[in-house]
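Visitor: I'm new to this one, so could you walk me through it a bit at a time?
Guide: Happy to. Take a look first, and then ask away.

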Amino acid sequence: MDSIDKLLAELKTEYKEEQPKQQPPKSTTAKSFIPPSPKSASLMDNLLVEVKADFVEKDAAEELKRQEELEQERIRQEQLKIKQLEVLKVQAKEWLGKIDPLSPEGLWFERFAESYPSKLEAAIEYLRNN
């Protein structure tokens with residue numbers, strides 16, 4: 001019986017030592033001032049890293065979309081210039097066909113066209129500026 005009493009006394013002692021550890025805090029306000037445990041801080045850090053990575057990814061996607069839009073606009077502008085040049089070529093050919101080379105305008109144009117590789121290019125430039 002003596003050994004059973006010793007065992008019971010040991011169990012009571014262990015129970016009393018563990019009991020204060022298991023009791024919840026008496027005040028809920030004290031809990032809010034307790035700094036977060038390292039585990040919860042690392043979870044928060046991981047969450048922040050994920051959120052930051054999401055923002056970086058979204059920013060990169062938006063930048064890529066913006067670059068693509070700029071490239072599309074540049075291509076559209078180039079195509080518009082080509083169309084305008086084609087229209088000017090047609091107009092210049094018509095104008096060259098109508099001009100009298102011995103008229104004051106025709107003589108002036110001959111002089112003007114000397115600095116261009118061809119009369120057509122000179123006529124295009126003249127029509128573009130007028």
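**A walk through the model**

Visitor: Let's begin with Arg76: what is its relative accessible area, and how does it count?
Guide: This is a predicted model, so keep that in mind throughout. A residue counts as partly exposed when it falls between the 20% and 50% cut-offs. Arg76 has a relative accessible area of 43%, so it is partly exposed.

Visitor: Which residue does Arg76 form a salt bridge with?
Guide: Both partners lie in helix α3, three residues apart, or about one turn of the helix. The closest N and O atoms are 2.9 Å apart. At 36% relative accessible area, the partner is partly exposed. Arg76 forms its salt bridge with Glu73.

Visitor: And Arg74, how far apart are the closest N and O atoms in its salt bridge with Glu71?
Guide: Arg74 and Glu71 are three residues apart in helix α3, so about one helical turn separates them. Arg74 is partly exposed at 43%, and Glu71 is partly exposed at 35%. For a salt bridge the two atoms must lie within 4 Å. Here the closest N and O atoms are 2.5 Å apart.

Visitor: How many salt bridges does a search of the whole structure find?
Guide: Besides those of Arg74 and Arg76, there is one where the side chains of Lys119 and Glu110 meet, at 2.6 Å from N to O. Lys119 is partly exposed at 43%, and Glu110 is partly exposed at 30%. Over the whole structure, the search finds six salt bridges.

Visitor: Stepping back, what pattern does the chain follow along the sequence?
Guide: The chain has five helices and zero strands. Reading along the sequence, you get α-α-α-α-α.

Visitor: What share of the residues is buried?
Guide: The chain has 130 residues, and a residue counts as buried under 20% relative accessible area. Buried residues make up 9%.

Visitor: How much of the area the chain exposes do carbon and sulfur atoms supply?
Guide: The chain exposes about 11,800 Å². Of that, carbon and sulfur atoms supply 59%.

Visitor: Which element gives the most to the largest nonpolar core?
Guide: In soluble globular proteins, nonpolar side chains tend to be buried together. Here the largest nonpolar core has ten residues, among them Leu88, Trp95, Phe109 and Ile124. The elements giving two or more residues to this core are α3 (38-98), α4 and α5. With four residues, the one that gives the most is α5.

Visitor: Leaving aside its neighbours within four places in sequence, which residues is Ile124 in contact with?
Guide: Ile124 is itself part of the largest nonpolar core. Two of its contacts, Leu88 and Ala92, also belong to that core. The full list is Leu85, Leu88, Lys89 and Ala92.

Visitor: How many aromatic pairs are there, and how is the pair of Trp108 and Tyr126 arranged?
Guide: A search of the whole structure finds seven aromatic pairs. The ring centres of Trp108 and Tyr126 are 5.3 Å apart and their planes are at 55°, which falls between the 30 and 60 degree cut-offs. So this pair is tilted.

Visitor: How far apart in sequence are the parts that this pair ties together?
Guide: Trp108 is partly exposed at 42%, while Tyr126 counts as buried at 18%. Trp108 lies in helix α4 (residues 104-113) and Tyr126 in helix α5 (residues 119-129). The pair therefore ties together parts that are 18 residues apart.

Visitor: Phe109 and Phe112 pair up too, so which helix do both lie in?
Guide: Their ring centres are 6.2 Å apart with planes at 40°, so the pair is tilted. Phe109 counts as buried at 2%, whereas Phe112 is partly exposed at 23%. They are three residues apart, about one turn of the helix, and both lie in α4.

Visitor: Which residues do ring pairs link into a cluster?
Guide: The cluster includes Trp108 and Tyr126, along with Phe109 and Phe112. Put together, the linked residues are Trp95, Trp108, Phe109, Phe112, Tyr116 and Tyr126.

Visitor: Last one: which residues form the nonpolar patch on the surface?
Guide: One of them is Val51, which lies in helix α3 and counts as partly exposed at 35%. Together the patch residues have about 490 Å² of accessible area. They are Met44, Leu47, Leu48, Val51 and Phe55.

Conventions:
Residues are numbered from 1 along each chain as its sequence is written. This is a predicted model: local features need pLDDT of at least 70, side-chain atom pairs count only at pLDDT 80 or more; totals for chains, interfaces and linings use all residues. Side-chain values use heavy atoms; hydrogens and water are left out. Rings of Phe, Tyr and Trp (its six-membered ring) pair if their centres lie within 6.5 Å; planes under 30 degrees apart count as stacked, over 60 as edge-to-face and the rest as tilted. Buried means under 20% relative accessible area, exposed over 50%, partly exposed in between (1.4 Å probe, protein chains only). A nonpolar core is a set of buried Ala, Val, Leu, Ile, Met, Phe, Trp, Tyr and Cys residues joined through side-chain atoms within 4.5 Å. Contact means heavy atoms within 4.5 Å. Patches are made of residues with over 30% relative accessible area and no salt bridge: like charges are joined within 9 Å, nonpolar side chains (Val, Leu, Ile, Met, Phe, Trp, Tyr) within 5 Å. Accessible areas come from the Shrake-Rupley method with a 1.4 Å probe; for residues, only the protein chains shown count as cover.
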